[in-house]
Amino acid sequence: MLMINYTSEHSLICSLPPPAELSKQQALWKLSELTQPIPDILETVVGMNNLTVFYHFHTDSQHLIHKLHQLWESVQTQKTHFQGKLVEIPVHYGGEFGEDLYDVAQFHHTTVKEIINRHTTPTYTVFMMGFQPGFPYLGGLPESLHTPRRDVPRTKVPAGSVGIGGSQTGIYPFTSPGGWQLLGKTDIQLFDANQSPPVLLKAGDQVRFVVEDITL
């Protein structure tokens, strides 16, 4: 069931109940697409299990809410399958940029090589972009790799770090504080202001991690 609530005087959030699932994200991507022709809507931003809709101040918000519910009913009757481009991300696992690799292996009572194997086997889907420009929240992490975030976040996580946070995996485009468990690092640039578009990935794209090298 889609719930719609106000988040400001000119924005609404359309939310689905947890957990986050690919089929739900696909439906939200479709809803976002269907809203684009509506003149009163300025922008839509897909989040995890939600879609935020920004609209003009003069908009009749109740009419817009009714319209969004109608569009959602339309989404439910359509096939919402969407598959973006596939991007392979080479990763240097372990070493100074994979400081938590051994801890993750211990948490799951297995070996470092098995953790790397589990991490590189799936094809992930970008559920949403957020936290930093170009930061992909990837769905599809095997349950055997679900790992709690660090109790004490780091004040400096290097750009390109590949990590696990709970039930998701992702890549830090920029150096920043962060609490995810770090498995390694990629040299691939996820955000480049000189490119168009500036981001390598977008919601709906697929990602596969490949081993560049391993430092044990």
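**A predicted chain, read by question**

Reader: What share of the contacts in the chain with a separation of 6 or more comes from residues 24 or more positions apart?
Author: The model is predicted. Two residues are in contact when they have heavy atoms within 4.5 Å. Among contacts in the chain with a separation of 6 or more, the share from residues 24 or more positions apart is 62%.

Reader: How many helices and how many strands does the chain have?
Author: Both kinds of element occur in this chain. The count is 4 helices and 13 strands.

Reader: Why is the chain said to be as compact as a globular protein of that length?
Author: For 216 residues, the globule rule gives 17 Å. The chain counts as being as compact as a globular protein of that length because its radius of gyration is close to that value, at 19 Å.

Reader: What box do the C-alpha atoms of the chain fill?
Author: The box is taken along the principal axes. Its dimensions are roughly 60 × 35 × 35 Å.

Reader: What percentage of the residues in the chain is buried?
Author: A residue is buried when its relative accessible area is under 20%. Of the 216 residues in the chain, the buried ones make up 48%.

Reader: What part of the accessible surface belongs to carbon and sulfur atoms?
Author: The accessible surface of the chain is about 11,200 Å². The part that belongs to carbon and sulfur atoms is 54%.

Reader: How far apart are the centres of the positive and negative side chains?
Author: There are 14 positive side chains and 20 negative ones in the chain. The distance from the centre of one set to the centre of the other is 4 Å.

Reader: In which sense do β9 and β10 pair?
Author: Strand β9 covers residues 161-165, and β10 covers residues 168-171. One bridge between them joins I164 to T169. The pairing runs over 4 bridges, and its sense is antiparallel.

Reader: Which residue in the turn between β9 and β10 has a positive phi?
Author: The two strands form a hairpin, with 2 residues between them. Phi is about 70° at the residue in question, which is G166.

Reader: Are the residues of β10 that point either way from the strand buried or exposed?
Author: Q168 and G170 point one way from β10. T169 and I171 point the other way. On both sides, these residues are buried.

Reader: Is W180 buried or exposed?
Author: W180 sits in the loop between β11 (176-178) and β12 (181-185). Its relative accessibility is 6%. That value is under 20%, the cut-off for burial, so W180 counts as buried.

Reader: Which residues does T35 touch, not counting residues up to four places away in sequence?
Author: T35 belongs to helix α1, which spans residues 22-35. With a relative accessible area of 0%, T35 is buried. Not counting residues up to four places away, T35 touches I41, T44, L68 and L71.

Reader: What is omega for the cis peptide bond that joins S196 and P197?
Author: P197 is in the loop between β12 and β13 (206-215). Another cis peptide bond runs from P18 to P19, with omega near 5°, and P19 is in the loop between β2 (11-15) and α1. For S196 and P197, omega is about 0°.

Reader: Does H109 count as buried or exposed?
Author: H109 lies in the loop between α3 (101-107) and α4 (112-120), and its phi is positive, near 55°. N49, in the loop between β3 (41-47) and β4 (50-55), also has a positive phi, near 70°, and N49 counts as buried at 6% relative accessibility. The relative accessibility of H109 is 74%. Exposed means over 50%, so H109 counts as exposed.

Reader: How far apart in space are D103 and P177, C-alpha to C-alpha?
Author: D103 lies in helix α3 and is partly exposed, with a relative accessible area of 44%. Along the sequence, D103 and P177 are 74 residues apart. In space, C-alpha to C-alpha, their separation is 19 Å.

Reader: With which residues is T59 in contact, leaving aside its neighbours within four places in sequence?
Author: T59 lies in the loop between β4 and α2 (61-76). At 10% relative accessible area, T59 is buried. The C-alpha atoms of T59 and F135 are separated by 32 Å. Leaving aside neighbours within four places, the contacts of T59 are D40 and L64.

Terms used:
Residues numbered from 1 in each chain as written. Predicted model: local features only at pLDDT ≥ 70, side-chain atom pairs only at ≥ 80, totals over all residues. Heavy atoms only, no water. Rg over C-alpha atoms; globule rule 2.2 N^0.38 Å. Buried < 20%, exposed > 50% of the residue type's maximum accessible area, 1.4 Å probe, protein only. Areas by Shrake-Rupley, 256 points an atom, 1.4 Å probe, with all protein chains shown as cover. Lys, Arg positive; Asp, Glu negative; His and termini not counted. Charge placed at Lys NZ, Arg CZ, Asp CG, Glu CD. Pairing = 2+ DSSP bridges.
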